[in-house]
Amino acid sequence: QVQLVESGGGLVQAGGSLRLSCVASGRTLSRDAMGWFRQAPGKEREFVVAISWSVYNTYYADSVKGRFTSSRDNAKNTVYLQMNSLKPEDTAVYYCAAHTRSSGRNYTPSGDYEYDYWGQGTQVTVSS
């Protein structure tokens, strides 16, 4: 059974930073693209970033480009999301997800339907 567990969320003032982690168990993620999504209250879940399984190609939503950075450590089966210059509109529950279907080494899926496993989410709250 694949499990993804996010951590690192919390309350931060606008302009601050947080680093989220997502640790996987039950599966080696070294050949899986990984993604981060978020869902704010009353809104649909939205794509944040995807990172490919090889050469760590990344694709960011326009809303976070230049502020967020995703990375991964396959040896630790962990994916990270460094969030800088946070804004109140970044407030949401953040989810990591694993795309476990066969895909190209540079593939960065952005649709939530492309992901097979999801974490339980971690709350990020940015105060103004």
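# A guided tour of an all-strand chain

The chain exposes about 6,400 Å², and carbon and sulfur atoms supply 45% of that area. The model on screen is a predicted one.

**The whole chain**

Begin with the whole chain in a cartoon view. The chain has 11 strands and zero helices, so that, read along the sequence, the pattern is β-β-β-β-β-β-β-β-β-β-β. Along the principal axes, the C-alpha atoms fill a box of roughly 40 × 30 × 25 Å. The radius of gyration of the chain is 14 Å; because a compact globule with 128 residues would have a value near 14 Å, the two agree. Of the 128 residues, 47% count as buried. Among the contacts with a separation of 6 or more, 59% are between residues 24 or more positions apart.

**Stop one: the open sheet**

Select β1, β3, β8 and β7. In what order do the four strands of this open sheet lie? The order is β1-β3-β8-β7, and the pairing is antiparallel. The edge strands are β1, residues 3–7, and β7, residues 68–73, each of which pairs on one side only. From one strand to the next, the twist averages 15 degrees.

Now keep β7 and add β8, residues 78–83, to the selection. These two strands run antiparallel and are joined by six bridges. To see one position in this pairing, select D73, which stands opposite T78 in β8.

**Stop two: N77, between β7 and β8**

Select N77 next, in the loop between β7 and β8. Is N77 buried or exposed? Its relative accessible area is 13%, which is under the 20% limit, and therefore N77 counts as buried. Show the side chain: one of its polar atoms lies 2.9 Å from the backbone nitrogen of L29. To view the surroundings, select C22, V23, A24, R27, T28 and L29; these are the residues in contact with N77 once its neighbours within four places in sequence are left aside.

**Stop three: D90, between β8 and β9**

Move along the chain to D90, which is placed in the loop between β8 and β9. D90 has a relative accessibility of 1% and so counts as buried. What does the side chain of D90 reach? The backbone nitrogen of K87 is reached at 2.8 Å. The side chain of D90 also makes a polar contact with the side chain of R67, at 2.7 Å. Leaving aside neighbours within four places in sequence, the residues in contact with D90 are R38, R67, F68, S85, V124 and V126.

**Stop four: strand β9 and its partners**

From D90, continue to β9, residues 92–99. Why can β9 be described as largely enclosed by the rest of the structure? Seven of its eight residues are buried, so the description follows.

Display the partners of β9 in turn:

- Strand β4, residues 33–39, pairs with β9 in the antiparallel sense over seven bridges. Select F37 here, whose bridge partner in β9 is Y95.
- Strand β11, residues 122–127, pairs with β9 in the antiparallel sense over three bridges. Here V93 stands opposite Q123 in β11.
- Strand β10, residues 117–118, runs antiparallel to β9 and is joined to it by two bridges. In this pairing A97 stands opposite W118 in β10.

**Stop five: W118**

Finish at W118, which lies in strand β10. With a relative accessibility of 25%, W118 counts as partly exposed, because this class covers values between 20% and 50%. Where, then, does W118 make its contacts? Aside from neighbours within four places in sequence, W118 is in contact with L4, F37, R45, Y95, C96, A97 and D112. Two of these residues, F37 and Y95, are the bridge partners seen at the previous stop, and A97 is the residue opposite W118.

For a last view, select W36 together with W118 and display their C-alpha atoms. The two residues are 82 apart in sequence, and their C-alpha atoms are 9.5 Å apart in space.

Definitions and conventions. Residues are numbered from 1 along each chain as its sequence is written. This is a predicted model: local features need pLDDT of at least 70, side-chain atom pairs count only at pLDDT 80 or more; totals for chains, interfaces and linings use all residues. Side-chain values use heavy atoms; hydrogens and water are left out. Two strands pair if DSSP finds at least two bridges between them. Axes are lines fitted to C-alpha atoms, for helices over the stretch in contact, and angles run from 0 to 180 degrees between N-to-C directions. Buried means under 20% relative accessible area, exposed over 50%, partly exposed in between (1.4 Å probe, protein chains only). A polar contact is a pair of N or O atoms within 3.5 Å; within protein, one must be able to donate a hydrogen and the other to accept it, and residues adjacent in sequence count only if both atoms are side-chain atoms. Contact means heavy atoms within 4.5 Å. The radius of gyration is taken over C-alpha atoms; the globule rule is 2.2 Å times the number of residues to the power 0.38. Accessible areas come from the Shrake-Rupley method with a 1.4 Å probe; for residues, only the protein chains shown count as cover.
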